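Colleague: I have a structure open and would like to go through it with you. Could we begin with the surface and then work inwards?

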Amino acid sequence: SADGQTREDRPHGGGRGGGGGGTPARGGGGDAGGGPEARQERTLEEEVERLLLGHRRAFEEIRAGETERRASMRRQALRKPFEVLEMAYQAALQIMMALLVPKIHPIVPHLSRVLMRRDYPAELALPSLAVFVSGLHAKLALDTANLWGMIPFRWVQPRPLRRELVHPLSPRGLELNLVGSLAGVCVGRAMVLVRQGLRLAAEALLGAEPPALIRWVAASALHLTASSILAPLIVGGLSASLRDAQFRGRPLLPTALGRLWRFLSLGVVRVAHAGSEAIGAGDLLSGYIAEVPYWAGAEDAQVPEDLLCPITGSVFVHPVSLHGMVFEEHAARRWVESTGRHPVLQGVWCHEAELQPARDVEALCRRLAAEHGWVLRSSHCSQ
């Protein structure tokens, strides 16, 4: 990512930034002589500038015809959650599930009598539902206090600006509260099942129930470790889903479920691919593993800077246009999916649906490859 930003600081032609001016060829000295090679280089640079300038103009025409809603969406900052608070909430939900499921831990009634001066129920009919409902109420109160900068939230850094925070009573805020609570309860319940399975396995191996102290230490270590690892993952997924939902104008729940499905599918594919490689059957999953193409032999060639991807620094193989600027498809797609922002333009939100093939630039790169004898190869990368 740093390389993509740095490359834009160098002088280049109108393809990426939309301006004019020539671009020196990589490795060349920009000889002003009239030799055939110099004239050929200048002709190539002019053709590259013409193609990329065409993409810039096409984007300007599209932007001029956008609806006011999409235009205002790009002008304003998208709302985002306070991730520190969200991670603490996720960890608390998972710990509460560990203390209340499948039965109430003895420490809970004791804490209730000490802190709240009242007795806790001896048994909960639906502990998962109880944690979910109480979590919704508690999270709403915490979000409201955080929105108004009350103590201790104002002391926690880094924190988004107030105008960037999701209002807890807005539709997006209520959606985030609902989906976050649901995720925390489900993950906490899953870890309880893991704890119970490990306990049964230990009893089968030892032939007897482990001592209470060992059970307590093992359960505490399991839930604390799981919450510290899974809470940031959940919050990261919620933040990305919220950004995607705002950009697309869709509800948060189906957006989050879609991202979860892709995440689980990718995990299964990675495990299966590793196993298939071990048994020599890697071709069975080749369709699920992305191939990153590149031109072998183009590393030391004299190529106009505008034919190099600002992210990868390599000659385009499958270029795409994004907001009038051209990038390599796999690099731009991964960038936008992970950050939601433009790889070069500061403060510009993007979506993968905005990536458009730059077939004219691709044809030019393939013509250069044929002239110089470059070979198209690929390296494997998980999608």
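Colleague: How much area does the chain expose, and what share of it do carbon and sulfur atoms supply?

Modeller: In this predicted model, the exposed area of the chain is about 21500 Å², and carbon and sulfur atoms supply 62% of that.

Colleague: What percentage of the residues count as buried?

Modeller: Of the 383 residues, 39% count as buried.

Colleague: And how many helices and strands are there?

Modeller: The chain has twelve helices and five strands. Among contacts with a separation of 6 or more, 69% are between residues 24 or more positions apart.

Colleague: Let us turn to the sheet. What is the strand order, and is the pairing parallel or antiparallel?

Modeller: The order is 3-2-4 in an open sheet of three strands, and the pairing is antiparallel. Strand 3 (325–328) and strand 4 (356–357) are the edge strands, each pairing on one side only.

Colleague: What holds paired strands together in general?

Modeller: Strands of a sheet pair through backbone hydrogen bonds. Here, strand 2 (residues 319–322) is joined to strand 3 by four bridges. V320 has F327 as its bridge partner in strand 3, and P319 has E328.

Colleague: Which helix packs on the sheet?

Modeller: Helix 11 (residues 329–339) does, touching strand 2 and strand 3. The direction of helix 11 makes about 100° with that of strand 3.

Colleague: Which residues of strand 3 are buried on each side?

Modeller: On one side they are M325 and F327, and on the other V326 and E328, so that both faces of strand 3 are covered.

Colleague: What takes a positive phi in the hairpin of strand 2 and strand 3?

Modeller: H323 does, with a phi near 55°, in a hairpin that has two residues between the strands. Most residues other than glycine have a negative phi. H323 lies in the loop between strand 2 and strand 3.

Colleague: Is H323 buried or exposed?

Modeller: H323 counts as buried because its relative accessible area is 6%, and the cut-off for buried is under 20%.

Colleague: Now the interior. Which residues touch the most other members of the largest nonpolar core?

Modeller: In that core of 35 residues, they are W295, L307, V315, F327, V361 and W374. Helix 3 (36–64), strand 2, strand 3, helix 11 and helix 12 (359–372) each supply at least two residues. Helix 12 gives the largest share, five residues.

Colleague: Which residues does L307 touch, leaving out those up to four places away in sequence?

Modeller: L307 touches V48, S314, V315, F316, V361, L364, C365 and L368. Another core, of eleven residues, lies apart from the largest one, and its members include L100, V101, V108 and F132.

Colleague: I also noticed E47 in helix 3. Why does E47 count as buried?

Modeller: E47 has a relative accessible area of 19%, and buried means under 20%, so the value falls within the cut-off. Beyond its neighbours within four places in sequence, E47 is in contact with L364 and R367.

Colleague: Let us move to helix 5 (residues 83–100). What should its 18 residues span?

Modeller: At 1.5 Å a residue, helix 5 should span 26 Å, and its end C-alpha atoms are 26 Å apart, which agrees.

Colleague: Which of its residues are buried, and what covers them?

Modeller: In helix 5, the buried residues are L85, E86, Y89, Q90, L93, Q94, M97, A98 and L100. Their cover includes helix 6 (107–115), helix 7, helix 8 and helix 9 (212–248).

Colleague: Where are there cis peptide bonds?

Modeller: One joins V101 and P102, with omega about 0°; P102 is in the loop between helix 5 and helix 6. Another runs from I151 to P152, with omega near 5°, and P152 is in the loop between helix 7 and helix 8. Most peptide bonds are trans.

Colleague: P158 lies in the loop between helix 7 (127–147) and helix 8 (171–206) as well. Is P158 buried or exposed?

Modeller: P158 is exposed, because its relative accessible area is 67% and the cut-off for exposed is over 50%.

Colleague: Leaving aside neighbours within four places in sequence, what is P158 in contact with?

Modeller: P158 is in contact with F82 and V84. P158 and V84 are 74 residues apart in sequence, with 8.4 Å between their C-alpha atoms.

Technical notes: Residues are numbered from 1 along each chain as its sequence is written. This is a predicted model: local features need pLDDT of at least 70, side-chain atom pairs count only at pLDDT 80 or more; totals for chains, interfaces and linings use all residues. Side-chain values use heavy atoms; hydrogens and water are left out. Buried means under 20% relative accessible area, exposed over 50%, partly exposed in between (1.4 Å probe, protein chains only). Contact means heavy atoms within 4.5 Å. Two strands pair if DSSP finds at least two bridges between them. Axes are lines fitted to C-alpha atoms, for helices over the stretch in contact, and angles run from 0 to 180 degrees between N-to-C directions. A nonpolar core is a set of buried Ala, Val, Leu, Ile, Met, Phe, Trp, Tyr and Cys residues joined through side-chain atoms within 4.5 Å. Accessible areas come from the Shrake-Rupley method with a 1.4 Å probe; for residues, only the protein chains shown count as cover. The expected span of a helix is 1.5 Å times one less than its number of residues.
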